[in-house]
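This report looks at a single protein model, with attention to its main pocket, one of its strands and its cysteines. Please keep the sequence and the structure in view while reading.

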Amino acid sequence: MTVEAVQVPVYRPFVVRVARLQRLSPSFLRVTFTGADMADFASNGFDQRIKVVLPLPGQAVVDFPPDPDWYGAWRALPVERQMPIRTYTIRALRPELGEVDVDFVLHGATGPASAWAETAAPGDEVVLIGPNASFPGSTGGFEWHPPADASCLLIAGDETAVPAICAIVETLPAGQRAHVLLEVPTPADTLDVAAPAGVTVTWLPRWPDDGGAPAPRGGLLTAAVVATVEELADVLAPTPGVELEDVDVDAEILWEVPEEDVVVRRSSGVYAWLAGEAGVVKGLRRHLVQERGVDRRSVAFMGYWR
């Protein structure tokens, strides 16, 4: 008689509680979560994605299905019992302390995650769907795959990508040439980030210091990427322009990321990582790949939201 092997899930639910809250700026709140089994929570660092399961009014997160097939079990629930699930990025993981930091963008009660974060308090419980340290292979869930010999990096995004970008920047080696562009709501949303020598970080607040009218969302980021690409003309090593298939960002997810083993390896060139509002990212994708001839195998474009 044989015993069927137990399948170890790549991602699994972790019931956690709020340990601390830190208001980083008007738009950013850092929530530190802790839990009894956080030693089993793995992270690849960089832009590691997780999912946050938020409680419904009057419903505890312990009601969330503990099934290894958590998504199938969640979908099988009656609609009125399906807790909201949103995707976030780990800002920092301290397994020795059983802690994980997740930075939330605050924009009022316009969505379940921001609404929860606005009123969060120590002791509040949520479920994190995170990478399982017991899984024998790579858990994946991150898209930062630059070639080791890229002569320059271009990293850009709006406020929804700020936590991922800051985590990436802090892993870069000293001397790596990199341009980091971050569009945020206000000047007060400029955060401290430990950027090594060789990395230029530019914050682009939509609301000006003088109290004037705000810039349109994505406008500053687009202009800054275009200008930076122009500055990098000496290392672009462009390929012939290609026609990109159109992506309807209102109906499809814009997510085009080269696999690690097919990223272009060359002694010169730019590796680009861009994330944020899908319509803005779509325009940047077209500019870099179609208009400037950047090899699409050396760029990662991610529509985080629409």
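The text below takes up the pocket, then a strand that contributes to its lining, and finally the cysteines.

The coordinates come from a predicted model, and the description should be read with that in mind. The largest pocket has a volume of about 980 Å³. Its lining comprises 32 residues, of which Arg86, Thr87, Thr160, Tyr304 and Trp305 are the closest to the pocket centre. By residue class, the lining of this pocket divides into 15 nonpolar, 8 polar and 9 charged residues.

Which elements each supply at least two residues of that lining? They are strand E3 (49-53), strand E4 (85-94), strand E5 (99-105), helix H2 (112-119) and strand E12 (299-305). Among the contributors to the lining of the largest pocket, E4 gives the most, with 5 residues.

Strand E12 deserves a closer description, since several features come together there. Besides supplying at least two residues of the pocket lining, E12 is mostly covered, with 5 of its 7 residues buried. E12 pairs with strand E10 (residues 255-256) and, in the parallel sense, with strand E11 (residues 270-277), as set out in the table.

| Strand paired with E12 | Sense | Bridges | A residue and its partner in E12 |
|---|---|---|---|
| E10 (residues 255-256) | antiparallel | 2 bridges | Trp255 and Met302 |
| E11 (residues 270-277) | parallel | 6 bridges | Glu277 and Trp305 |

Trp305, which stands opposite Glu277 in the pairing of E12, is also one of the residues closest to the centre of the largest pocket, so that the description of the strand and that of the pocket meet at this residue. The parallel partner is further tied to E12 through a helix: E11, helix H5 (residues 278-291) and E12 make a right-handed β-α-β unit.

The cysteines remain to be considered. How many disulfides does the model contain? The count comes to 0 disulfides, where a pair of cysteine sulfur atoms would have to lie within 2.5 Å to be counted. For Cys152, the closest cysteine sulfur is that of Cys166, at 18 Å, and this is too far for a bond; seen from Cys166, the closest cysteine sulfur is in turn that of Cys152, at 18 Å, again too far for a bond. Cys152 is buried, with a relative accessible area of 0%, and Cys166 is likewise buried, with a relative accessible area of 2%.

Note on methods. Residues numbered from 1 in each chain as written. Predicted model: local features only at pLDDT ≥ 70, side-chain atom pairs only at ≥ 80, totals over all residues. Heavy atoms only, no water. 1 Å grid on protein atoms, 1.4 Å probe; cavity = no way out; pocket = protein on both sides within 12 Å on 5 of 7 lines; lining within 4 Å. Points joined across faces, edges and corners; volume = space filled by probe spheres on them. Helix = DSSP H or I, 4+ residues; strand = E, 2+ residues; numbered from the N terminus. Nonpolar A, V, L, I, M, F, W, Y, C, P; charged D, E, K, R; others polar. Buried < 20%, exposed > 50% of the residue type's maximum accessible area, 1.4 Å probe, protein only. Pairing = 2+ DSSP bridges. Right-handed = clockwise from strand over helix to strand, strands pointing away.
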